[in-house]
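Welcome! Here is a short tour of one corner of a protein model, written for someone seeing it for the first time. Have the structure open as you read.

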Amino acid sequence: VYTQQTFEASLTGDLFDLPAGPIAFAVGASYRVDEILDTPGAITLANNAWGNTGAGITAGDSKTAEVFGELDIPVFKDMPLVESFNISLAGRHTDVSTIAGNGDQTYKVGANWKVNDFLRFRGSYGTSFRAPHLFELYLANQTSFIAQRNIDPCIQWQANLLAGNISQQTADNCQADGVPPAFNGGAITATVVTGGGLGVVEPETSVAKSVSAIMNFNEFLPDDLRFSVAVDYFEIEVNGEIAQLGAANIIGGCYSSTTPFPGDALCNLFERNKDIGVFVDPNAIATVRDSFININSQVNRGIDLTARLGHDLPDDWGSLTLLAQMTWQLEDTVALFAGQEQSVNGEDGEPKWVGDFNLSWDGPDGWSALWGMDVIGQTSDQADFLEANGASCVFSATRERTYCPDLTAPMTFYHSISTTKEFEDWTITLGIANLTDQAPPRMSVQNLGEVSTVGQSPFTSNYDYQGRRGFLSVTKKFN
């Protein structure tokens, strides 16, 4: 149960006039109280669910106070090559009761330069701040149990290396950890402990930069045509991103790390059994700590292109509009910990290019129609696989051959269509999503953990796993 109480007040208006126009301002303040109360079922709360999870009561609150101010300053107007030039300034102070210190300050500086009716430039530089959510802070310790074979890449590591199921790097780290080559995984499950990060997890911060150019070609075209293009360069860096990595990712990341074992920070988040007993193998993983943590940083940089073409049809048949939106991702790097930066640009779930194309018709008598095409660019984890194995392919002793898994997902297209009829108080839309019943791409599942798969498809949010489906939307307005 989440409970929220908010109060906010703001004041806007003009301060005074400059030669280029009035300075507009906004100031305000807000106060918010958030509370969480999450009570598990009685059996789970009593830790009586044999072989299953146990959990405590998650309860806590936070109080957030903010003050903010904004200015829009017209600097130049009606000058050669400057139809208008404005600067915007914004600042905010945020104080959260769950964060130690005197709060955090964020700001944004922007500029908008309209050269003429054809060309306009804009740019901004800003910072951002996100305090941990209540669940990320107050989650009461939860325990769950997971089979050793689901998380431990060191089980039978010598045989799995010969079979091509693990990399040489993983085998070397398992050996460095003292795990026997024929270790069978032990007879018990590992305990995974998750919990909130109150007092440990710090806020996320970010810096965002953008520069844009907008071109409007209408004055060069016939009256029944409209065409505009916007190009945006963006760069975003998030520091201290709050994340929960997952038990398998923690252990797998430790043993696949190129940092000499146990130098990778992930290796500090789990431990193997220390006591030797009849039923407990000393090499079995005992506990994994998968609580919320701050990862070091993530940087995303790219170019957005938006193009819009409109055409008025003759004889009152309405108008056609073609909208194309594309993103080229130039950089996507993630560092879980300082000094461990890794590029994921172009890999599974992170295509270097995506596009969204819509052709819409706005007709007479409230009729309209839309055809859309979403395009997911090609991704490939082949290079990571080869780097991890230090060779072009992997030799499998059990198969008596060398094989190369296919870890490339081809460009994928999704089509959708819909038609809409608007009445005075009613709107009805009928359509089909994934018109061609496009299935997710397929790749090798024997990939040494480079790509998470469901069936033979990469398990990411980019792809449609539902197939072709119809939808009907009915909206009623009440005056």
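A good place to begin is Glu422, which stands opposite Thr427 in strand S24. Keep in mind that this is a predicted model. From this pair we can work outwards to the neighbouring strands, and then to a patch on the surface.

**The hairpin**
- Strand S23 covers residues 412-422, and strand S24 covers 426-433.
- S23 and S24 form a hairpin, with three residues between them.
- Six bridges pair S23 with S24, in the antiparallel sense.

**The other partner of S24**
- S24 is also joined to S27 by eight bridges, and these two strands run antiparallel.
- Here you can look for Ala433, which stands opposite Arg469 in S27.

**The nonpolar patch**
- Phe423, Trp426, Ile428, Leu430, Leu472 and Val474 make a nonpolar surface patch of about 590 Å².
- Two elements give two or more residues to this patch: strand S24 (426-433) and strand S27 (469-476).
- S24 gives the most, with three residues.
- As general background, side chains in a regular strand alternate between the two faces of the sheet.

**Phe423, the loop member**
- Phe423 belongs to the patch, and Phe423 lies in the loop between S23 and S24.
- Is Phe423 buried or exposed? Its relative accessible area is 46%, so Phe423 counts as partly exposed.

Technical notes. Residues are numbered from 1 along each chain as its sequence is written. This is a predicted model: local features need pLDDT of at least 70, side-chain atom pairs count only at pLDDT 80 or more; totals for chains, interfaces and linings use all residues. Side-chain values use heavy atoms; hydrogens and water are left out. Patches are made of residues with over 30% relative accessible area and no salt bridge: like charges are joined within 9 Å, nonpolar side chains (Val, Leu, Ile, Met, Phe, Trp, Tyr) within 5 Å. Accessible areas come from the Shrake-Rupley method with a 1.4 Å probe; for residues, only the protein chains shown count as cover. A salt bridge is a side-chain nitrogen of Lys or Arg within 4 Å of a carboxyl oxygen of Asp or Glu. Helices (H or I, at least four residues) and strands (E, at least two) are DSSP runs, numbered from the N terminus. Buried means under 20% relative accessible area, exposed over 50%, partly exposed in between (1.4 Å probe, protein chains only). Two strands pair if DSSP finds at least two bridges between them.
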